[in-house]
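Let's take a stroll through this structure, one piece at a time. Keep the picture open beside the text and follow along.

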Amino acid sequence: MSTKITYKDAGVDVHRGYEAVKQMKEHVKSTFTDGVLTDIGSFGGSYSIGKYMGMEEPVLVSGTDGVGTKLKLAFDMNRHDTIGIDCVAMCVNDILCVGAIPLFFLDYIATGLITPEQIADIVKGIATGCKESMCALVGGETAEMPGFYKDGEYDVAGFAVGIVDRAKMIDGTRIKAGDAIIGLPSSGVHSNGYSLVRKIIDTYGLDLDAYCETLGETYGEAFLKPTKLYVKAAMAAKEAGDIKGIAHITGGGFIENVPRMLPEGVSAKLNINTIVEPKVYSVLRELSGLEVNELYNTFNMGIGMMMVVSQEEKEQVVAALKEAGEEAYVIGEIVEGNEGVILCEN
């Protein structure tokens, strides 16, 4: 005789999923823009690009990313309302690098056991990031996977789509020796290098709730600070001048990311003495014992995005960025050669 075994017996409670959707609805709807055609719960999120049909050749640009092991700090601190901002930023900042305007975003959250309040907090952060990026959260997936994740843990990933006229795409091909490099400050560690950050925390037994005089806040507050979104800044810069190249400084720091925007035959010479490092890097520099090149090959070190412009336009672009709320400044120049990144102190 068979025994009745329900989905709930297997660890999946669909009613928790329904409650999670109910709690996240207000956050999702708050991101809707004029282009959104479908409501929450549809099998596919629809978005009209009718307003962009005036472009000569509209091109859709997509990007996807996650938050990485920074999530572990969110678990340890039981704080889940900022990690969604990181998820949006990691995707949206990437598509800005080719000149795209973000249109819409989708998220994927997977957990062993759905806790409606926790999921709502994550989506609240995603909605905050979308609104700051002026894009709509048109859909997503919350997957309950018993036995796959530890209790209270989850993973979150995102997917962004933007649009740009092909003639206005930024691909770095026009960058030449003599061009100026403008740095846009980061808010802190952003969402990369956290395996090392966590190793440092474990090695020194740092209490995330402990106040640090150097930081002026707790370790947890400094390390969990969300990734900065550069959408408004990038739009202002494009209005002000001819942006030849943009690099989003993520995993691999300066050394890996800056060359991604450079054509053959030129390198980026960066004066690290001009860079204003967030206080968190004073702590990481001291506790890690890393040399300069290793630091700049791991972290953003205070610069979350770089833009390349001509020397003639650098002042007007910096002024526009400051008007948009970014304390941007010139941090280097393009030089001949194929060295990729040259770190100097003058």
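Helix α5 and helix α9 pass each other in a left-handed crossing. This is a predicted model, and in it α5 covers residues 194-204 while α9 covers residues 279-288. Their axes come within 11 Å and cross at roughly 65°. If you want to see where the two helices touch, look for V197, I200 and Y204 on the α5 side, which meet L284, L287 and S288 on the α9 side. Sort the residues of that contact by character and you get five nonpolar, one polar and no charged.

There's another helix pair to look at, made of α7 (residues 231-240) and α11 (residues 314-323). Here the crossing is right-handed. The angle between α7 and α11 is about 145°, and their axes are 8 Å apart. On α7 the contact is made by A233, A236, A237 and A240, and on α11 by Q316, V317, A320 and L321. That contact between α7 and α11 splits into seven nonpolar residues, one polar and no charged.

Hold on to α11, as it leads us to a sheet. Helix α11 lies across three strands, β5, β10 (303-309) and β11, and runs at about 10° to β5. Those strands belong to an open sheet of six, and going across it you meet them in the order β8-β10-β5-β11-β9-β12, with mixed pairing. At the edges are β8 (245-248) and β12 (341-344); each has a single partner strand, so one side of each is left without a neighbour in the sheet. On average, neighbouring strands in this sheet are turned by 25° against each other, direction ignored.

What holds neighbouring strands together? Strands of a sheet pair through backbone hydrogen bonds, and they can do so either parallel or antiparallel. In the six-stranded sheet, strand β5 (residues 180-185) and strand β11 (residues 329-336) run antiparallel and are joined by four bridges. You can check the register by eye: G183 stands opposite Y329 in β11, and I182 stands opposite V330 in β11. Strand β11 also pairs with strand β9 (residues 266-271), again in the antiparallel sense, over five bridges. In that pairing, K269 stands opposite E333 in β11.

How does this part of the chain appear in the records? An unreviewed UniProt entry places the feature "domain: PurM-like C-terminal" at residues 176-342. That span is 34% helix and 22% strand, with its end C-alpha atoms 16 Å apart.

Now let's go back toward the start of the chain. UniProt, in an unreviewed entry, places the feature "domain: PurM-like N-terminal" at residues 59-164. Over residues 59-164 the chain is 38% helix and 37% strand, and the end C-alpha atoms are 5 Å apart.

There's a sheet to explore here too. An open sheet of four strands is laid out in the order β1-β4-β2-β3, and its pairing is mixed. The edge strands are β1 (58-66) and β3 (136-144), and each of them pairs on one side only. From one strand to the next, the twist averages 15°.

Start in the middle of that order, with strand β2 (residues 101-111) and strand β4 (residues 154-165), which pair in the antiparallel sense over ten bridges. One spot to find is I109, which stands opposite V156 in β4. Packed on this sheet is helix α3 (residues 83-96), touching β1, β2 and β4. The direction of α3 makes about 30° with that of β4.

Which way do β2 and β3 pair, parallel or antiparallel? They pair in the parallel sense, over eight bridges. Look for D107, which stands opposite G140 in β3. To get from β2 to β3, the chain crosses through helix α4 (residues 116-133), and this β-α-β crossover is right-handed. Trace that route from strand to helix to strand, and you've finished the tour.

Note on methods
Residues are numbered from 1 along each chain as its sequence is written. This is a predicted model: local features need pLDDT of at least 70, side-chain atom pairs count only at pLDDT 80 or more; totals for chains, interfaces and linings use all residues. Side-chain values use heavy atoms; hydrogens and water are left out. Two strands pair if DSSP finds at least two bridges between them. Axes are lines fitted to C-alpha atoms, for helices over the stretch in contact, and angles run from 0 to 180 degrees between N-to-C directions. Contact means heavy atoms within 4.5 Å. A crossover is right-handed if, with the strands pointing away from the viewer, the path from the first strand over the helix to the second runs clockwise. UniProt positions are given in the numbering used here, feature names are shortened, and annotations may be inferred rather than shown by experiment. A crossing is left-handed if the near helix is turned anticlockwise from the far one by less than a right angle, and right-handed if clockwise. Ala, Val, Leu, Ile, Met, Phe, Trp, Tyr, Cys and Pro count as nonpolar, Asp, Glu, Lys and Arg as charged, and the others, Gly among them, as polar.
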